Amino acid sequence: MKRIVIGISGASGMPLAIHLLKMLQVTQDVETHLVLSRGAEMTILQETGMRIEDVKSLADRVYDNDNIGASIASGTFHTDGMIVVPCSMKTVAGIAQGYSDNLLLRACDVMIKEQRKLILVTRESPLSSIHLANLLSLSQLHHVIIMPPMLTYYNLPQTIEDMERHMIGKMLSQFDIEVPCFKRWQ
């Protein structure tokens, strides 16, 4: 059984996070642990119209972002890694500076210190020099992967969902999880 922590911060891109949770919900042998920032809760309502409880119901376990003592805040709680999707530049700054003042940031800090995979699906455009410096410092850490949700065209997407599936396939490929309809380059 793989155990993956999903962090959702307040950046734009909530449909991608929800699509990821739905795909993982039907993937066998994967247990999801979800933590949402306050900004994420506001953005979910704005971008999707979904109730927060409906989003939370897509995960196996859900944690309050203020609960810094939750299991995912400890390195002794085994996980295979974490995906932060979408990942705001505020969250990137907190991770890069080791500023773990909430559970989402602490869980990221745990991934780094335990050398577990941490995938940051970063959302911002354009990027400032400060954003780039924070991203550079994180990218130099062995298990941190910066993965902006870039559009791909070689797979001939027909819908936004096709583009989301491709991005999710790339995320989950990092954990050796194959996603249906993920078209690899041949």
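Two residues are in contact here when they have heavy atoms within 4.5 Å of each other. Keep that in mind, since contacts come up throughout this tour.

What you see above is a predicted model, in which local features need pLDDT of at least 70, side-chain atom pairs count only at pLDDT 80 or more, and totals for chains, interfaces and linings use all residues. Residues are numbered from 1 along each chain as its sequence is written, and side-chain values use heavy atoms, with hydrogens and water left out.

**The sheet**

Let's start with the strands. Helices (H or I, at least four residues) and strands (E, at least two) are DSSP runs, numbered from the N terminus. Two strands pair if DSSP finds at least two bridges between them. Six strands form an open sheet in the order E3-E2-E1-E4-E5-E6, and the pairing is parallel. Strand E3 (61-63) and E6 sit at the edges with a single partner strand each, so one side of each has no neighbour in the sheet. On average, neighbouring strands of this sheet are turned by 20° against each other, direction ignored. Such angles are taken between axes, which are lines fitted to C-alpha atoms (for helices over the stretch in contact), and they run from 0 to 180 degrees between N-to-C directions.

For a look at one pair, take strand E1 (residues 2-8) and strand E2 (residues 30-36): they pair in the parallel sense over seven bridges. Val5 has His33 of E2 as its bridge partner.

Over at the edge, Ile146 belongs to strand E6 (residues 144-146). With a relative accessible area of 25%, Ile146 is partly exposed; the scale is buried for under 20% relative accessible area, exposed for over 50%, and partly exposed in between (1.4 Å probe, protein chains only). Not counting neighbours within four places in sequence, Ile146 is in contact with Leu120, Thr122, Leu135, Leu138 and Ser139. Gly98 is 48 residues from Ile146 along the chain, and their C-alpha atoms are separated by 17 Å.

**Two helices that meet**

Now for the helices. Helix H6 lies across E5 and E6, and runs at about 140° to E6. Helix H6 (residues 129-139) also packs with helix H4 (residues 89-96), at an angle of about 50° and with the axes 9 Å apart. That makes H4 oblique to H6, since angles under 35 degrees count as roughly parallel, over 145 as roughly antiparallel, 65 to 115 as roughly perpendicular and the rest as oblique. The crossing of H4 and H6 is left-handed, the term for a near helix turned anticlockwise from the far one by less than a right angle (clockwise would be right-handed).

Who does the touching? On the H4 side it's Met89, Val92, Ala93, Ile95 and Ala96, and on the H6 side His131, Asn134, Leu135, Ser137 and Leu138. By class, that contact of H4 with H6 has seven nonpolar, three polar and no charged residues. Here Ala, Val, Leu, Ile, Met, Phe, Trp, Tyr, Cys and Pro count as nonpolar, Asp, Glu, Lys and Arg as charged, and the others, Gly among them, as polar.

Asn134 of helix H6 is worth a closer look. Asn134 counts as buried because its relative accessibility is 10%. Leaving out residues up to four places away in sequence, Asn134 touches Val92, Ala93, Ala96 and Gln97.

H4 has buried residues of its own: Met89, Thr91, Val92, Gly94 and Ile95. They pack against strand E4 (81-87), helix H5 (103-113), strand E5 (117-122) and H6. After H4 comes Gly98, with a positive phi near 65°.

One more helix residue is His19, in helix H1 (residues 14-25). His19 is buried, at 14% relative accessibility. Beyond its neighbours within four places in sequence, His19 is in contact with Glu161, Glu164, Arg165 and Ile168.

**Backbone oddities**

Most residues other than glycine have a negative phi, and most peptide bonds are trans. The table lists some exceptions.

| Site | Feature | Value | Place |
|---|---|---|---|
| Val85 to Pro86 | cis peptide bond | omega near -15° | Pro86 in strand E4 |
| Ser125 to Pro126 | cis peptide bond | omega about -5° | Pro126 in the loop between E5 and H6 |
| Asp29 | positive phi | about 65° | loop between H1 and E2 |
| Gln115 | positive phi | near 55° | loop between H5 and E5 |

Are the two loop residues with positive phi buried or exposed? Asp29 is exposed, with a relative accessible area of 52%, and Gln115 counts as exposed at 54% relative accessibility.
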